[in-house]
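Let's take a walk through this fold together. Have the model open and follow along.

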Amino acid sequence: MLSAQAARLSRRSLLLGAAALGACGPTAEPKPKAPQGPATVEAAVGGDWRNAVDRTRDRWRHPAESLAFWGLKPGQTVVEFWPGAGWYTDIIAPFLAATGGKLYAANLQADANDPAAAAVVEAFRRRINEKPSLYGQVEITAFGPTSGPVAPAGSADLVLFLRNLHNWMAAGVAEKAFRDAFAALKPGGALGVEEHRANPGGAPDILATDGYVQQAYVVKLAQEAGFTLAAASEINANPNDTKDHPFGVWTLPPVRRTSPRGQPENPQFDRAKYDAIGESDRMTLRFVKAA
């Protein structure tokens, strides 16, 4: 019969042996972490990080419907040209960060002679860097007259031109924008375009002096770069837009210009008519790069 001390040692040995076996045996698989950000585009559109002013424009820009039309999906690599203050970035970046995707922001090509452009880029960079857990690792590149690739060649699933084509036409870099987008896309990738739509007919204004662009001209530029038009949507149409405003498209919200560019605001200008129209009539197009 074991002594009391021997019994205690025996029980202790059994417990240590069981612990050792447990350490060497199979362990439970760790549970995958749930996404910390929005797992759907709709959740990103409804995100509480978006400011109130941006939210009021959803009725005109239809972000969830537009992004679905262009083909945005979880885990994609996306290039957003000229994100500006980040209206669409606030939706796209958190969604991609939460779903394992990546965003390239091809911002203004800034140099020492253009402090205004540099300030825009720096403000965007600060905004993104302040909330890395929300926006993820957004990579800021550049697009401009002499810029290089906006993303590694053949890496992107989706490229977005969001109300900027008229600016590139005025600057003489519209053709380069389409070429750079084509180079960045994978075969089978898509280019999404949202742009102020001019009335059809007549010779196109290749400088887009009033901010409006003929849809046929956009299709021509895209086709010359190698794209095929896959679909056109009326998601962002506004039949109330007469397109004959005194200060071009910028007379309408959200800019609401009351005097020619560069001149002081005119406090006597009656905005009511133009505010009632709302934001501009816009084309919404999806092009593809052949697989």
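**Rings, sheet and helices**

A good place to start is an aromatic cluster made up of F81, W82, F143, F161, W168 and F178. Bear in mind as you look that this is a predicted model.

Now for the sheet. Seven strands make up an open sheet with mixed pairing, and reading across you get β3-β2-β1-β4-β5-β7-β6. The edges belong to β3 (139–143) and β6 (227–233); each has a single partner strand, so one side of each has no neighbour in the sheet. On average, neighbouring strands are turned by 20° against each other, direction ignored.

Helix α5 (residues 63–70) packs on this sheet, where it touches β4 (156–162), β5 (185–196), β6 and β7 (282–289). The direction of α5 makes about 25° with that of β7. Helix α11 (residues 215–224) lies across β5, β6 and β7, and it runs at about 15° to β7.

Back to the strands for a moment: β1 (residues 77–81) and β2 (residues 102–108) pair in the parallel sense, over five bridges. If you'd like one bridge to click on, T77 has K102 in β2 as its partner.

Next, find helix α6 (residues 89–99). How many of its eleven residues are buried? Nine of them are, so the helix is mostly covered. The buried set is T89, D90, I91, I92, A93, P94, F95, L96 and A98. After α6 comes G100, which has a positive phi, near 85°.

One residue of α6 deserves a closer look: D90, which lies in this helix. Is D90 buried or exposed? The cut-off for buried is under 20% relative accessible area, and D90 has 2%, so it counts as buried. Setting aside neighbours within four places in sequence, D90 is in contact with W49, R50, D54, R127 and Y135.

R50, one of those contacts of D90, also lies over the face of W87, at 5.1 Å from the ring centre. A lysine does something of this kind elsewhere: the charged end of K289 sits over the ring of F182, 4.6 Å from the centre of that ring.

That brings us back to rings. A pair of aromatic rings is described by the distance of the centres and the angle of the planes. The count for this model comes to 14 aromatic pairs. Among them is F269 with Y274, a stacked pair with 5.7 Å centre to centre and 15° between the planes. Y274 has a relative accessible area of 10%, so this tyrosine is buried.

Methods
Residues numbered from 1 in each chain as written. Predicted model: local features only at pLDDT ≥ 70, side-chain atom pairs only at ≥ 80, totals over all residues. Heavy atoms only, no water. Pairing = 2+ DSSP bridges. Helix = DSSP H or I, 4+ residues; strand = E, 2+ residues; numbered from the N terminus. Axes fitted to C-alpha atoms, helices over the stretch in contact; angles between N-to-C directions. Contact = heavy atoms within 4.5 Å. Buried < 20%, exposed > 50% of the residue type's maximum accessible area, 1.4 Å probe, protein only. Phe/Tyr/Trp six-rings, centres within 6.5 Å; stacked < 30°, edge-to-face > 60°. Lys NZ or Arg CZ within 6 Å of the ring centre and 35° of its normal.
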